[in-house]
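Thanks for coming. I will take the ligand shell and then a group of strands.

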Amino acid sequence: MKYRFAVIGYGFIGRRHVETLKSFENCDCVAVCDINPERLNEAKMLHPEMEVYDHIDKLTESADINGVVIAANNNQHKELVIKAARAGLNIICEKPAAMSVKDFDEMMAEVEKADVHFTVHQQRRFDKDFQSIKKCYKDGSLGDIYTIKSSLYGYNGNMHDWHVHKVEGGGMLYDWGVHLIDQILYMIDSPLKTVFADVRNVINAEVDDYFNILLRFENGVTAEIELGTYYLSDQPEWFERHWYMSGNAGSMYANKFDPEGKIVRTAKLLENVASDQDKSAKSYGPTRSFGIPEPGLILTEEIPKVGSEHIEFFQNYFANLEGKEELLVKPEQVREVLAVMEACWQSSATWSSVCFN
Ligand SMILES: NC(=O)c1ccc[n+]([C@@H]2O[C@H](COP(=O)([O-])OP(=O)(O)OC[C@H]3O[C@@H](n4cnc5c(N)ncnc54)[C@H](O)[C@@H]3O)[C@@H](O)[C@H]2O)c1
């Protein structure tokens with residue numbers, strides 16, 4: 001079967017979706033819908049074979065399609081999903097799927113009533129840095145993991161266009177938080193117990209541009225997620241991406257999206273030293289834990305390299321449509337991420353932890 005898709009919202013990511021859909025043999029992108037006529041002109045210039053529509057109602061009435069990718073501003077997703085579902089179309093929605101759990105539940109009620117396929121573009125599950133961390137987390141080689149830190153820092157501070165407006169779904173928790181939280185929940189297969197967060201507007205008047213989130217899981221893992229858009233640095237990169245993960249059999253760090261890092265282990269654990277011995281080591285402090293390791297004590301290994309690509313999100317989507325694979329990004333997972341985001345806002349406003357399961 002050949003799938004015939006339309007992209008709704010021909011902006012930064014919508015343009016990419018057109019090219020991605022067209023790259024599949026069993027799919028074509030035959031139409032674009034955008035409320036901005038300039039965007040439609042751009043689409044027509046690049047792809048004269050595509051139909052263009054300036055409203056979703058015209059698209060659903062006239063276009064010969066069986067699916068849509070919704071890539072409009074965040075506050076538009078709910079209405080567009082509901083209209084697409086009522087028209088019987090399969091749906092890939094951009095993240096965040098909705099602005100709240102309540103909106104998501106209302107959307108999903110329509111999706112279920114219409115019995116159409118629905119997923120959310122959480123393609124960062126295929127980021128190479130995350131895949132490398134996930135591989136190490138799952139293979140158990142670091143022993144019992146107790147801490148994970150995932151961080152992203154940018155230096156430009158300000159955001160552009162609708163991203164600075166709260167009502168349109170602006171801010172970094174909706175923009176990047178949704179990916180960073182999704183990665184952690186997807187990797188850690190254990191009930192989330194508590195959420196504590198500090199969500200701030202450092203230099204943006206309306207929307208959050210910094211957050212620090214602490215997620216504690218039943219299996220003993222604590223995951224910290226920190227993002228700042230005004231995290232000034234003199235590094236040559238325009239952003240910094242870091243991971244750190246530690247268990248009782250080793251640690252791992254990974255920097256950059258195409259990760260550079262190491263697995264670090266110790267050849268021998270520090271032995272308990274009686275207080276009347278080894279007086280010479282006093283400069284290391286009373287516990288000795290922060291002393292300089294003996295030569296040869298620290299061993300390093302290469303981190304696993306995983307050649308994953310974002311296109312795998314779409315490959316899974318089409319394989320699922322054909323009944324060949326389980327859907328990767330499931331609605332209940334999307335709902336949990338939104339619930340965690342709401343817990344972050346609640347925790348930050350009340351200065352307290354929010355209990356989860
Ligand atoms: N998954 C990812 O990595 C990723 C990356 C970037 C953006 N996104 C998401 O994609 C969506 C779009 O982001 P963007 O950066 O491309 O924004 P953008 O502003 O570049 O494009 C949005 C487009 O949607 C159009 N639009 C707005 N309301 C509409 C409506 N009701 N009907 C039709 N078109 C409408 C706008 O005119 C605009 O052309 C957002 O939800 C964003 O969070 C996801």
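How many nonpolar, polar and charged residues are in the shell around the ligand? There are 11 nonpolar, nine polar and six charged residues. Here Ala, Val, Leu, Ile, Met, Phe, Trp, Tyr, Cys and Pro count as nonpolar, Asp, Glu, Lys and Arg as charged, and the others, Gly among them, as polar.

This is a predicted model: local features need pLDDT of at least 70, side-chain atom pairs count only at pLDDT 80 or more, and totals for chains, interfaces and linings use all residues. Residues are numbered from 1 along each chain as its sequence is written.

Back to the ligand. It is surrounded by 26 residues, where near means a C-beta atom, placed from the backbone, within 6 Å. The closest are Gly9, Gly11, Phe12, Ala72 and Glu94. Helix H1, residues 12-22, gives the largest share of the shell, three residues. Helices (H or I, at least four residues) and strands (E, at least two) are DSSP runs, numbered from the N terminus.

Now the strands, which pair if DSSP finds at least two bridges between them. Strand E11 (residues 239-247) runs antiparallel to strand E7 (residues 145-154), with nine bridges. One partnership there is Leu152 with Arg241. E11 also runs antiparallel to strand E12 (residues 250-255), with six bridges, and His242 has Asn255 as its partner in E12. Two residues lie between E11 and E12 in their hairpin.

Last, Phe239, in strand E11. Why is Phe239 partly exposed? Because 15 other C-beta atoms lie within 10 Å; 20 or more would be buried, 12 or fewer exposed, with C-beta atoms placed from the backbone. Phe239 touches Leu152, Tyr153 and Gly154, not counting residues up to four places away in sequence; contact means C-beta atoms, placed from the backbone, within 7 Å.

Note on methods
Two residues are in contact if their C-beta atoms, placed from the backbone, lie within 7 Å.
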